[in-house]
Amino acid sequence: MAIEEMVGREEETTMHWTCISSAGVGRKKKRLKGGEKTVQGRRETVQEWEKAGSREKELSDDDNDIVMENASFVRNEPPQDDQGPPKVDSEVEILHEKVKKQIIKEGHGHKPAKLATCFLHYRAWVEHSSHKFEDTWQEQHPIELILGKEKKEMAGLGIGIASMKSGERALLHVGWELGYGEEGSFSFPNVPPMADLLYEVELIGFDDIKEGKARSDMTVEERIEAADRRKVEGNAHFKDEKLQEAMQQYEMAIAYMGDDFMFQLFGKYRDMALAVKNPCHLNMAACLIKLQRYDEAIGQCTIVLSEDENNVKALFRRGKARAALGQTEAAREDFQRARKYAPEDKAILKELRSLAEHDKAVYEKQKEIYKGIFGPRPEPKPKKSNLLVVFWHWLLSLIHRLFNLVRRKTD
């Protein structure tokens, strides 16, 4: 299925934004500031967003040619760490007397400057015991960190982040002096006093434009505009078949549209936010399908359907992901619902025909496998006679006759 890309304002597309690699929603619920101020004096912006939000395009005939505005996102989660911290063989880089880094996956672009707003995922362990005490991947909430303004216990983590590029994943060794200090952690009782720490951290991305300005300090329109710029840049990467880079941008856009933010919106401002958020989820789903990460694609489409249960693009892409996983009945249900709202769409009809052909092929195969199980019983084959037994019976019969003949003569 292909959907036309929604083009943002020209001045927004020229602004520099760094790439991001994992997504999610905001970690802490914070009150939005300046929400009412944005209504006054911004009528043109509101009208522009309303037009953008109402723009819908038809599905294309060829699903392989996906150029979309309404898209979804990918989660670049590392493997589960049941065995504790990852084993890394790369060279140890000394960033500070108490901070060392080993690169797990290279990033791209440049490094964040001081006061850049960084978004990251990490897992944290106590080094001597390998006890994990925090995991933002599991919580599905990336951390927002402003370099130079981080909390005291995250000073070592901040030093490590400042040395990383967007998309980079690394293992950080942090001394207790730049961690939870002499007293340990009250929030994490399993972090004892003077505990050295290990962080497996991934820098999703960072923002240099609003230096030192957290999402919670932005107005409604600032957050929506920031998310839209990310979405537009993600669409450009998608056109160039740079799926990972595209997903990074979509994930960053979604991070600006977290649940705490959406909960506070209503009316036209909620519609404006959804006009950015839902396309990012759907484009993420398209990327995930191309990467054969079907379960994640289903999750992204389901998020959109929770807001708009009749979204044709979400139903179509979820159906494709389910069909790829062999969930034919669920896929057929999604395609039939999509056809209800787009009865002439050729891509939907093509998928329904494909499912019908698949069902027919499965039936024929099963018929061939079980052929004869319930058919007529085969006729028993005549048993071959044993010549030695026949000869023995004939000899006994002959002796018996001779004996009777001799007996009659004697009488």
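Hi everyone, before I start: when I say helix or strand, I mean a DSSP run, H or I over at least four residues for helices and E over at least two for strands, and both are numbered from the N terminus. Please also keep in mind that this is a predicted model.

Let me begin with the overall picture. We have one chain of 411 residues, 48% of them buried. The chain holds 13 helices along with seven strands. Take the contacts with a separation of 6 or more: 77% of those are between residues 24 or more positions apart. As for the surface, the accessible area is about 22,900 Å², and carbon and sulfur atoms contribute 51% of that.

I'd like to spend most of my time around helix α10, residues 312-324. A quick reminder for what follows: a pair of packed helices is described by the angle between their axes and the distance between those axes.

Let's take α9, residues 294-307, as the first partner on my list. How do the axes of α9 and α10 cross? They do so at roughly 155 degrees, coming within 9 Å. Angles over 145 degrees count as roughly antiparallel, and α9 and α10 are therefore roughly antiparallel to each other. Their crossing is left-handed. On the α9 side, the contact uses Y294, A297, I298, C301, T302, V304 and L305, while α10 brings A314, L315, R317, R318, A321, R322 and A324. By type, that contact has 10 nonpolar residues, one polar and three charged.

Next comes α11, residues 328-341. Here the packing angle with α10 is about 160 degrees and the axes are 8 Å apart. That again gives a roughly antiparallel pair, α10 against α11. The two pass each other in a left-handed crossing. If you'd like to find the contact on screen, look in α10 for V312, L315, F316, R318, G319, K320, R322 and A323, and in α11 for A330, A331, D334, F335, R337, A338 and Y341. The split in this contact is nine nonpolar, one polar and five charged residues.

One of those α11 residues deserves a closer look, and that is D334. Is D334 buried or exposed? With a relative accessible area of 1%, D334 is buried, since the cut-off for buried is under 20%. And what does D334 touch, once we set aside neighbours within four places in sequence? The contacts are L315, R318, G319 and R322. You'll recognise these from α10, where L315, R318, G319 and R322 are among the residues that meet α11.

The last partner I'll show is α12, residues 346-369. With α10, its angle is about 25 degrees, and the axes lie 11 Å apart. Angles under 35 degrees count as roughly parallel, and that makes α10 roughly parallel to α12. This crossing, too, is left-handed. From α10 we have V312, F316, K320 and A323, which meet A347, I348, E351 and L355 of α12. Sorted by type, there are six nonpolar residues, no polar ones and two charged.

Let me jump to another helix for a moment. Q249 sits in α6, residues 243-256. Q249 is buried, and its relative accessible area is 0%. Its C-alpha atom is 8.8 Å from that of C280, a residue 31 places away along the chain.

To finish, a few loop residues. P85 lies in the loop between α2 (43-54) and β1 (93-96). P85 is buried at a relative accessible area of 13%. Which residues does P85 touch, leaving out those up to four places away in sequence? They are W125, S130 and L198. For W125, the C-alpha to C-alpha separation from P85 is 7.2 Å, with their positions 40 residues apart along the chain.

S130 has a story of its own. It belongs to the loop between β3 (117-126) and β4 (131-135). At 40% relative accessibility, S130 is partly exposed. Its phi is near 60 degrees, a positive value in a residue other than glycine. M194 also has a positive phi, near 55 degrees, and is not a glycine either. You'll find M194 in the loop between β6 (169-174) and β7 (197-207).

Thanks for listening, and I'm happy to go back to any of these.

Notes
Residues numbered from 1 in each chain as written. Predicted model: local features only at pLDDT ≥ 70, side-chain atom pairs only at ≥ 80, totals over all residues. Heavy atoms only, no water. Axes fitted to C-alpha atoms, helices over the stretch in contact; angles between N-to-C directions. Parallel < 35°, antiparallel > 145°, perpendicular 65-115°, else oblique. Left-handed = near helix turned anticlockwise from the far one by under 90°. Contact = heavy atoms within 4.5 Å. Nonpolar A, V, L, I, M, F, W, Y, C, P; charged D, E, K, R; others polar. Buried < 20%, exposed > 50% of the residue type's maximum accessible area, 1.4 Å probe, protein only. Areas by Shrake-Rupley, 256 points an atom, 1.4 Å probe, with all protein chains shown as cover.
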